[in-house]
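Welcome, and please load the model in your viewer. We will go from one selection to the next, with a short note on what each one shows.

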Amino acid sequence: MSLKRIGVLNGPNLNLLGRREPRHYGTQTLAEIEALLLARAGAAGATLIFFQSNDEGEIVDWVQANTDRVDAWLVNAAALTHTSVALRDALAGSARPFVEVHLSNVFAREPFRHTSLLSDLAVGVIAGFRSSSYLFGLEALVEHLGARGEAGADEAE
Ligand code: DQA
């Protein structure tokens, strides 16, 4: 089975994880979360590339520039989840499946966090499990890609 190439995208303020509102986001840094993902990636059947930016335009540029390098995206768009038509369009335009993840349970927080401009395009959404949201998201994404690959193989027979 070939390794699935996953682009892991983190949006604004997630560079401050570890010291940012730990009651919502836990105490692990983004580097620690990325290390957890890397430790899991091989067994999960994935290779990973990472990107974080506080800038919406840079994120759109990164999605465009890396689309041909990935099979799918693992996305915590942070505040852009609730606001960014540009990121929605970039992900849709990439024609790559993605899983949306959140550290916190956005549905147990302010009403403006209950709306996502990404969720209806996502394979699925995982929220509320702190850093484990990313690990569950990675597993789910690879399983989704595998299932899709098998279906394609069946169709080709
Ligand atoms: C977040 C939730 C968003 O509402 C918030 O703007 C974030 C982080 C999360 O991981 O829980 O920055 O995406």
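## A tour from strand to ligand

Start by selecting L74 and V99: V99, in strand 4, is the bridge partner of L74. Keep in mind as you look around that this is a predicted model.

Now widen the selection to strand 3 (residues 72-76) and strand 4, which run parallel and are joined by three bridges. Add helix 4 (residues 85-94), and you have a right-handed β-α-β unit made of strand 3, helix 4 and strand 4.

Next, go to the other pairing of strand 4. Select strand 5 (residues 124-127): four bridges link strand 4 with strand 5, again in the parallel sense. For a landmark here, pick V101, which stands opposite I126 in strand 5.

Stay on strand 4 for a moment and color residues 98-102 by accessibility. How many of the five residues of strand 4 are buried? Five of the five are, so the strand is largely enclosed by the rest of the structure. Turn the view to check each face: F98, E100 and H102 are buried on one side, and V99 and V101 are buried on the other.

H102 is a handy stepping stone, as it is among the residues around the ligand. Select the full shell: R20, Y25, N76, A78, A79, H82, H102, L103, S104, V106 and R113. Sorted by class, this shell holds five nonpolar, four polar and two charged residues.

Show distances from the ligand oxygens to side-chain N or O atoms, and try these three:

- R20: a side-chain N or O atom is 3.0 Å from an oxygen atom of the ligand.
- N76: the distance from a side-chain N or O atom to a ligand oxygen is 2.8 Å.
- R113: here, too, a ligand oxygen is 2.8 Å from an N or O atom of the side chain.

How much of the ligand's accessible area does the protein cover? On its own the ligand has 320 Å², and the protein covers 99% of it.

Two backbone stops remain. Most residues other than glycine have a negative phi. Select A78, from the ligand shell: its phi is positive, about 55°, although A78 is not a glycine. You will find A78 in the loop between strand 3 and helix 4. Is A78 buried or exposed? With a relative accessible area of 11%, A78 is buried.

Finish at R130, in the loop between strand 5 and helix 5 (132-156). R130 is not a glycine either, yet it has a positive phi of about 50°. R130 is partly exposed, at a relative accessible area of 34%.

Notes. Residues are numbered from 1 along each chain as its sequence is written. This is a predicted model: local features need pLDDT of at least 70, side-chain atom pairs count only at pLDDT 80 or more; totals for chains, interfaces and linings use all residues. Side-chain values use heavy atoms; hydrogens and water are left out. A residue is near a molecule or strand if one of its heavy atoms lies within 4 Å of it. A polar contact is a pair of N or O atoms within 3.5 Å; within protein, one must be able to donate a hydrogen and the other to accept it, and residues adjacent in sequence count only if both atoms are side-chain atoms. Accessible areas come from the Shrake-Rupley method with a 1.4 Å probe; for residues, only the protein chains shown count as cover. Ala, Val, Leu, Ile, Met, Phe, Trp, Tyr, Cys and Pro count as nonpolar, Asp, Glu, Lys and Arg as charged, and the others, Gly among them, as polar. Buried means under 20% relative accessible area, exposed over 50%, partly exposed in between (1.4 Å probe, protein chains only). Helices (H or I, at least four residues) and strands (E, at least two) are DSSP runs, numbered from the N terminus. Two strands pair if DSSP finds at least two bridges between them. A crossover is right-handed if, with the strands pointing away from the viewer, the path from the first strand over the helix to the second runs clockwise.
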